[in-house]
Amino acid sequence: LTHRTFSLPIFVALMWLVYQAAFVLTEAPTEWLELGLTGLGNLIGQFLPAGFWRSLVVDGILGGVGNVLSLLPPILFLFLVIAVLEDSGYLARVAFITDRIMHRIGLHGRSVIPMIMGFGCGVPAIMSTRTLTSRRDRLATILIIPFMSCSARLPVYAVLIGAFFSSGAAGNVLFSLYILGIVIAMLTAKLIQRVLLPGLSDPFVMELPPYRMPTIRGLVVHMWERSKHYLKRAGTLILYASVCIWLLTQFPKLPPDQMRADDPVAAQELRYSMAGKIGQVLEPALRPLGLGNWKVGVALISGFAAKEVVISTLATLYSVGQGDEEAIPLRKSIRKDPLFTPLSAYALMVFVLLYLPCMATIAAMRQETGGWAWPSFAMVYTTAIAWLTAFLVYQGGLLLGLG
C-alpha cells in the first residue's frame, strides 16, 4: 500500500470502488426512505385543509427536509468507509504516498490530511491546517479545501444522479466529480504557489501509525458522530431555510387580472413571487451552463447557507409548483422538467462542487487567516472557477453531441 509505483493506483482504485458501492448498495434503502417520506406527506395532506398550513407542512417542511433525510443511506455508507480507512491507519499512508505530488504543486505532504478531511466537512479541515508550521503552506491549503467535495454536496449528487443516470453509471459519475474537485484543487494550488504565495514547502516528516483492525464500536461511534451533525443540520438550518424559501414562494400574490388562461395558476404564482423574481435575475448568467431555470438560481443562492439546502430549496420550489394535491419525490419532479437533461444536470453538479463555500466554511477561513481578505478572495475565485468549468463541461458536451 506504500509501494513507490503501485500505491497511488491502488488508492485510486479503492476510491472508485467506494463510490460505486455508495450508490449500488444504498439504492434500495434510499428509495424506501423516499417512498416512506412521500407517503407521510400525502397522509398529512389528507388531514389538513387545503391552503396555507397544508402547503407549509407538506411543501415547505416535508418537501425540503424530507428530501434531504431520504439521502441518509449513501451518506452513512461513506461515513462508515472513511471511519474504516481512518481507524485502520491507511489515511496516514495516503499522506505519505501523495507527498511527491503535493510538493510538485507547491504544497506540503501534510496538506493531504486536511484535504481528505474536506471530503467530510470544510470547517474541521480548515482548522486542521494548524498542524502545518509554515503560514504559506497553511494559506495555500485553506484556499483549496473548498474544492474538496464535502458530504453536504452529496445530497445534490444523489438526487441528480438518481434522476438522470442509470445505477451502473452512477458510481462513475460520482467518482468523476470527486476527481474533478481534486484536479481543480491541484491546478489552483499550482497557480497560487506561482502567483500569490511563492516559495518552498517545508520538508515532509511524519510517523506512520501501525495498521490496526478497526473495532465495530469505534466505527459505529465515528459514523454516528458525523451522521449526528448531518441530522442536526437537517433539523435546524435546513428546516429554517426550507420555511424561508417556502415563504418567498408565497408572496407577493399574483393579482387576478394578470393571470393567463394558457398557463397553470400555480406556475404563474411561483414565477411572480419573490423567489421567482430572484431566480429570474440570475437566469441569464446560468443559461450558458444549460441551467436557464430560475429555480436553480434560487437554489444556488440558498446553498450559501449549506450545500444540502440546494436540494431542500429545489424540493420546495418543485412541490409548490406542482399545483396538485399529492407530494412527488424530487427526483421524479426534476426528471419531468424539460429544461433538465443529463448534461445540464452534470453541469449543475460541477457548479455545486466548485462554487462559493458555505457560511460556516467562510467563517472558519476568517478565523484561521485573521481577516476577511482571504475569505472574500475565496468567495470570488471559487464561483468564477465554478462558472468557467461548468460552462466548458456543458458547451463541450454540446459540441460532442451529448446534449
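Ala, Val, Leu, Ile, Met, Phe, Trp, Tyr, Cys and Pro count here as nonpolar, Asp, Glu, Lys and Arg as charged, and the others, Gly among them, as polar. This tour of a predicted model uses that grouping at its first stop.

**Stop 1: the largest cavity**

Select Gly118, Gly122, Ile145, Pro146, Met148, Cys150, Arg153, Lys307, Pro357, Cys358 and Thr361, which together line the largest cavity. Its volume is about 90 Å³, and one cavity of 30 Å³ or more is counted in the model. How do the residues of this lining divide into nonpolar, polar and charged? Six are nonpolar, three are polar and two are charged.

**Stop 2: the second largest pocket**

Next, select Phe11, Met15, Ile116, Phe119 and Ile182. Of the 31 residues that line the second largest pocket, these are the closest to its centre. The pocket holds about 640 Å³ of space. Its lining divides into 28 nonpolar residues, three polar residues and no charged residues.

Colour the helices that contribute to this lining. Helix H1 (7–24), helix H4 (72–88), helix H5 (90–97), helix H6 (99–104), helix H7 (112–117) and helix H11 (167–195) each supply at least two of its residues.

**Stop 3: helix H4**

Keep helix H4 from the previous stop and hide the others. With 17 residues at 1.5 Å a residue, H4 should span 24 Å, and the distance of 24 Å between its end C-alpha atoms agrees with this. The buried residues of H4 are Leu72, Pro73, Pro74, Ile75, Phe77, Leu78, Phe79, Val81, Ala83, Leu85 and Ser88. When viewing their side chains, it is useful to recall that an α-helix has 3.6 residues a turn, so residues three or four places apart point the same way. Move then to Gly89, which follows H4 and has a positive phi, near 95 degrees.

**Stop 4: from Phe79 to Glu225**

Return to Phe79, one of the buried residues of H4, and add Glu225 to the selection. The C-alpha atoms of these two residues are 9.5 Å apart in space, although the residues are 146 apart in sequence. Glu225 lies in helix H12 (residues 216–235). Is Glu225 buried, partly exposed or exposed? Glu225 counts as partly exposed because its relative accessible area is 42%, between the limits of 20% and 50%.

**Stop 5: the salt bridges**

Three salt bridges are counted in the model. Begin with Arg136 and Asp137, whose closest N and O atoms are 2.7 Å apart. Both Arg136 and Asp137 are buried.

Select Arg138 and Glu368 for the next salt bridge, where the N to O distance is 2.8 Å. This pair links distant parts of the chain, with Arg138 in helix H9 (residues 135–144) and Glu368 in helix H20 (residues 359–369), 230 residues apart. Glu368 is buried, since its relative accessible area is 9%, under the limit of 20%.

Finish with Glu283 and Arg287, whose side chains meet in a salt bridge at 3.1 Å, N to O. Which partner is buried, and which is partly exposed? Glu283 counts as buried at 16% relative accessibility, whereas Arg287 is partly exposed at 46%.

Stay with Glu283 and show its surroundings. Glu283 is found in helix H15 (residues 274–286). Apart from neighbours within four places in sequence, Glu283 is in contact with Gly292, Asn293 and Trp294.

Methods. Residues numbered from 1 in each chain as written. Predicted model: local features only at pLDDT ≥ 70, side-chain atom pairs only at ≥ 80, totals over all residues. Heavy atoms only, no water. 1 Å grid on protein atoms, 1.4 Å probe; cavity = no way out; pocket = protein on both sides within 12 Å on 5 of 7 lines; lining within 4 Å. Points joined across faces, edges and corners; volume = space filled by probe spheres on them. Salt bridge = Lys/Arg side-chain N within 4 Å of Asp/Glu carboxyl O. Buried < 20%, exposed > 50% of the residue type's maximum accessible area, 1.4 Å probe, protein only. Helix = DSSP H or I, 4+ residues; strand = E, 2+ residues; numbered from the N terminus. Contact = heavy atoms within 4.5 Å. Expected span 1.5 Å × (residues − 1).
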